[in-house]
Amino acid sequence: KYRKGYISTEDLKEVFEILGESITDDEVNTMIKIAGIKSNDKINFKELLTSSIKSIDRLLTKKVMYQL
């Protein structure tokens, strides 16, 4: 948001709300935990993107393998 290299958990919640999804603090914390990102209410943006891309890649790979 302020180009500091991180996004706050509140900013992340706001992004989801803009996308039409309302998520709780617990859900944000679970996402961060699953992604393996260390957070003290600040999430390294590059780490978040990298983790998200890897997760999407794994899901797409499973979907393709399931369809074969």
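## Exercises on a predicted model

Just after helix α1, G20 adopts a positive phi of about 90 degrees. This is a predicted model: local features need pLDDT of at least 70, side-chain atom pairs count only at pLDDT 80 or more, and totals for chains, interfaces and linings use all residues. Residues are numbered from 1 along each chain as its sequence is written, and side-chain values use heavy atoms, without hydrogens and water.

**Exercise 1.** State which element has the highest mean pLDDT and which the lowest.

*Solution.* pLDDT is the predictor's confidence in each residue, from 0 to 100. Step one: the protein averages 77, and 78% of the residues score at least 70. Step two: α1 (residues 9-18) has the highest mean, 84, and α3 the lowest, 74. Helices here are DSSP runs (H or I, at least four residues), strands likewise (E, at least two), numbered from the N terminus.

**Exercise 2.** Decide whether S8 is buried or exposed, then find its link to D11.

*Solution.* Buried means under 20% relative accessible area, exposed over 50%, partly exposed in between (1.4 Å probe, protein chains only). S8 sits in strand β1 (residues 6-8). Its relative accessibility is 19%, so S8 counts as buried. A polar atom of the S8 side chain lies 2.9 Å from the backbone nitrogen of D11. D11 is one of the buried residues of α1.

**Exercise 3.** Classify I53 as buried or exposed.

*Solution.* I53 belongs to helix α3 (residues 45-67). Its relative accessibility is 56%, so I53 counts as exposed.

Note on methods
Polar contact = N/O pair within 3.5 Å; in protein donor to acceptor, adjacent residues only side chain to side chain.
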